[in-house]
Amino acid sequence: MSSSSSFRLPLAGLVFVVAVALNACKKDDPAPPDTTDRDVFAFVAASDTAAWFGLDSALRVKTTGSGHSTPWLRVRYNATAALQLDAATGRVRPGAVFAEGALIVKELHRTPTSGVAQYAVIRKDPRNANAAANGWVWAIYNADGTPEVSATAKGLGCTGCHAQSGNLDATLMNQFFP
């Protein structure tokens, strides 16, 4: 064995050890920022309204059962969510289970003429890391899109009320607006 071939093996071993050591000391890359709020609000802004609850876009006075702070509201459904509305009444069908992609937007108003103050949003997206156990991603956005309650909260502050008796796949409009 020549001296050059006996030198290559230890040098290769040394290079391997140095590479492993350097790689072990390398810090993990930071996780990419969560874009759920931006993405969900984009759905709110871009989605066409396929239907209004009760077949009516007029504002409704909030009921005593609502946990939202604004006194006026109306609720719109995208095409996927609207499949669970009764065609004759615009109410959520008994036993409704919304499909993935369903988007329900509750527009919250301070006065009947003030415009939207906030959007309370649920989007059925069970594979989203921020979905609550029921498969919905929950959020409340100010009119400018800034989160009041981030989707990353996984429904904290929302799911407790929406899980009450009489809910239809976590929706309560039928219960509070007969």
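**Exercise 1. Find which strand gives the most to the lining of the largest pocket, and describe that pocket.**

*Step 1.* Start with the strand: β5 contributes four residues to the lining of the largest pocket, the most of any element. Here helices (H or I, at least four residues) and strands (E, at least two) are DSSP runs, numbered from the N terminus. A pocket, on a 1 Å grid over the protein atoms alone, is an open set of points where a 1.4 Å probe fits, with protein on both sides within 12 Å along at least five of seven lines, and lining residues have an atom within 4 Å of a point.

*Step 2.* Before going on, note what you are looking at: this is a predicted model, in which local features need pLDDT of at least 70 and side-chain atom pairs count only at pLDDT 80 or more, while totals for chains, interfaces and linings use all residues. Residues are numbered from 1 along each chain as its sequence is written, and side-chain values use heavy atoms, with hydrogens and water left out.

*Step 3.* Now look for the other contributors. The elements that each supply at least two lining residues include β3 (72–77), β4 (103–109), β5 (116–124) and β6 (136–142). Helices α4 (159–162) and α5 (173–176) also belong to this group.

*Step 4.* Add the size and the centre. The volume of the largest pocket is about 520 Å³, where a volume is the space filled by probe spheres set on the points, and grid points are joined across faces, edges and corners. The lining has 33 residues, and Ser-66, His-68, Lys-106, Ala-120 and His-162 lie nearest the centre.

*Step 5.* Finally, sort the lining by chemistry: 19 residues are nonpolar, eleven polar and three charged. In this count Ala, Val, Leu, Ile, Met, Phe, Trp, Tyr, Cys and Pro are nonpolar, Asp, Glu, Lys and Arg are charged, and the others, Gly among them, are polar.

**Exercise 2. Work out how the protein is laid out along its sequence.**

*Step 1.* Count the elements: there are five helices and seven strands.

*Step 2.* Put them in order, and you get α-α-β-β-β-α-β-β-β-β-α-α.

*Step 3.* Check the burial: 38% of the 178 residues are buried. Buried means under 20% relative accessible area, exposed over 50%, and partly exposed in between (1.4 Å probe, protein chains only).

**Exercise 3. Trace the salt bridges, and say which parts of the chain they tie together.**

*Step 1.* Recall the idea: side chains of opposite charge can pair when their charged atoms come close. The rule used here asks for a side-chain nitrogen of Lys or Arg within 4 Å of a carboxyl oxygen of Asp or Glu. The structure holds six such bridges.

*Step 2.* Take Arg-38 and Asp-39, whose closest N and O atoms are 3.3 Å apart. Arg-38 is exposed at 58% relative accessibility, and Asp-39 is partly exposed at 32%.

*Step 3.* Move to Glu-107 and Arg-76, with closest N and O atoms 2.9 Å apart. Glu-107 is in strand β4 and Arg-76 in strand β3, so this pair ties together parts 31 residues apart in sequence. Both Glu-107 and Arg-76 are buried.

*Step 4.* Next comes Asp-169 with Lys-124, at 2.8 Å between the closest N and O atoms. Because Asp-169 lies in the loop between α4 and α5 and Lys-124 in strand β5, the pair ties together parts 45 residues apart in sequence. Asp-169 is buried at 18% relative accessible area, and Lys-124 is buried at 8%.

*Step 5.* Look for shared partners: salt bridges join Arg-74, Arg-76 and Glu-107 into one network.

**Exercise 4. Identify the aromatic cluster that includes Phe-41.**

*Step 1.* Apply the rule: rings of Phe, Tyr and Trp (its six-membered ring) pair if their centres lie within 6.5 Å, and planes under 30 degrees apart count as stacked, over 60 as edge-to-face and the rest as tilted. This gives three aromatic pairs.

*Step 2.* Inspect Phe-41 and Tyr-119: the pair is edge-to-face, with 5.9 Å centre to centre and 65° between the planes. Phe-41 sits in helix α2 (residues 36–46) and Tyr-119 in strand β5, 78 residues apart. Both rings belong to buried residues.

*Step 3.* Complete the group: Phe-41, Tyr-119 and Tyr-141 form one aromatic cluster.
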